[in-house]
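Here is a note for a colleague who is opening this entry for the first time. Please keep the sequence and the model side by side while reading the numbered points.

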Amino acid sequence: MRRLAPIANVMRHAFAAGVADYRAIFTWRSWTLGWMVRVVAQVSFFGLIGLRVADERSAFYLLIGNALAVAAQAGIFSGTLPLLVASPTSPVVVFAARGAYLAVDGALSAVLALFIAGPLFGLHLPWPRVLAVIPLTGLVALSAYCLGTFLAGIVFRFREINGLVVNTTYVGLMAACGVNVPLSYYPKAIEWLSHALPLTNGLLAIRGVFAGAAVSSILGHAGVEALVGAAWLTLALLTFNRLASRGRLDGSLDYGA
């Protein structure tokens with residue numbers, strides 16, 4: 001327990017630093033009237049496409065998928081912070097704790113977007129089953145954040161490609177994880193690959209909540225989503241420190257961040 005105390009203290013301060021950064025960007029008014037209005041409009045846009053191209057069923061499919069994509073997007077959006085190599089504990093611990101607010105923000109944004117835009121399009125929110133959407137969305141955001149932490153370790157030394165990696169990954173998740181197109185539309189190889197990515201299995205669980213699927217099916221998809229997140233976090237733990245140490249030794253870290 002004594003060994004864990006310093007790590008927990010570092011994580012607490014790192015998280016507080018991340019929250020302070022976020023509060024410098026947004027006030028409650030700008031977050032509500034700026035960010036959330038944008039997110040609801042974005043989700044509604046895809047819902048309107050569903051209505052125009054097909055029917056309400058397609059609109060609901062796109063609404064749910066794109067609302068959950070917001071949670072994944074926030075989780076993937078991890079910056080780099082080279083100066084954390086000077087921290088008194090593992091760099092990956094500091095990095096992951098500092099940006100954890102992104103997963104919280106992504107989950108909150110996704111849930112609000114779904115619960116606001118959904119009823120506007122006539123999406124039925126089955127009570128009390130719909131409450132399961134909240135922890136499932138949090139799981140998706142956390143799983144995506146684990147992938148984002150792994151990717152941050154990869155681009156740690158090359159900040160100029162950070163935006164490219166983040167945007168490519170986010171678009172890839174939207175394309176492969178069943179956000180706008182059912183997984184059955186894909187070749188089997190891509191369908192299997194998608195299950196190794198965040199969002200896919202959590203989204204299946206949430207669609208199951210709205211479709212009245214068996215609890216065992218929902219929990220099964222949620223369990224796979226948790227395993228996927230744990231796998232990406234394990235990869236981050238195995239690679240992040242090594243890449244940071246290598247960059248510190250050869251002087252390739254960009255300290256201008």
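What percentage of the 257 residues of the chain count as buried?

1. Of the chain's 257 residues, 47% count as buried, where buried means under 20% relative accessible area, exposed means over 50%, and partly exposed lies in between (1.4 Å probe, protein chains only). This is a predicted model, in which local features need pLDDT of at least 70 and side-chain atom pairs count only at pLDDT 80 or more, while totals for chains, interfaces and linings use all residues. Residues are numbered from 1 along each chain as its sequence is written, and side-chain values use heavy atoms, with hydrogens and water left out.

2. The chain has 10 helices and zero strands, with elements taken as DSSP runs numbered from the N terminus (helices being H or I of at least four residues, strands E of at least two). Contacts, meaning heavy atoms within 4.5 Å, are mostly between distant parts of the sequence: among those with a separation of 6 or more, 78% join residues 24 or more positions apart. The accessible surface, computed by the Shrake-Rupley method with a 1.4 Å probe, is about 13,200 Å², and carbon and sulfur atoms supply 70% of this surface.

3. Helix H3 covers residues 56–76, and its 21 residues reach 30 Å from the first C-alpha to the last, close to the 30 Å expected at 1.5 Å a residue; the expected span is 1.5 Å times one less than the number of residues. Because 16 of its 21 residues are buried, H3 is largely enclosed by the rest of the structure. At the start of H3, a side-chain oxygen of Asp55 comes to within 3.2 Å of the backbone nitrogen of Arg57.

4. The largest nonpolar core (buried Ala, Val, Leu, Ile, Met, Phe, Trp, Tyr and Cys residues joined through side-chain atoms within 4.5 Å) has 58 residues, of which Leu68, Leu114, Leu199 and Phe210 touch the most other members. Among the elements that give two or more residues to this core are H3, helix H5 (100–120), helix H6 (133–154) and helix H10 (215–250).

5. Leu199 deserves a separate look, as it is found in the loop between H8 and H9 and has a positive phi of about 90° although it is not a glycine. Most residues other than glycine have a negative phi, and most peptide bonds are trans. With a relative accessibility of 1%, Leu199 counts as buried, and, not counting residues up to four places away in sequence, Leu199 touches residues including Leu68, Val140, Leu173 and Glu225.

6. A second backbone feature to check is the cis peptide bond that joins Trp127 and Pro128, with omega at about 5°. Pro128 is placed in the loop between H5 and H6.

7. How many salt bridges does a search of the whole structure find? The search finds one, a salt bridge being a side-chain nitrogen of Lys or Arg within 4 Å of a carboxyl oxygen of Asp or Glu. Lys188 forms a salt bridge with Glu191, with the closest N and O atoms 3.6 Å apart, and both residues lie in helix H8 (residues 188–194), three residues apart, about one turn of the helix. Lys188 counts as exposed at 56% relative accessibility, whereas Glu191 counts as buried at 17%.

8. Ser44, in helix H2, is buried, with a relative accessible area of 13%. Apart from its neighbours within four places in sequence, Ser44 is in contact with Leu63, Ala117 and Phe121.

Notes: Polar contact = N/O pair within 3.5 Å; in protein donor to acceptor, adjacent residues only side chain to side chain.
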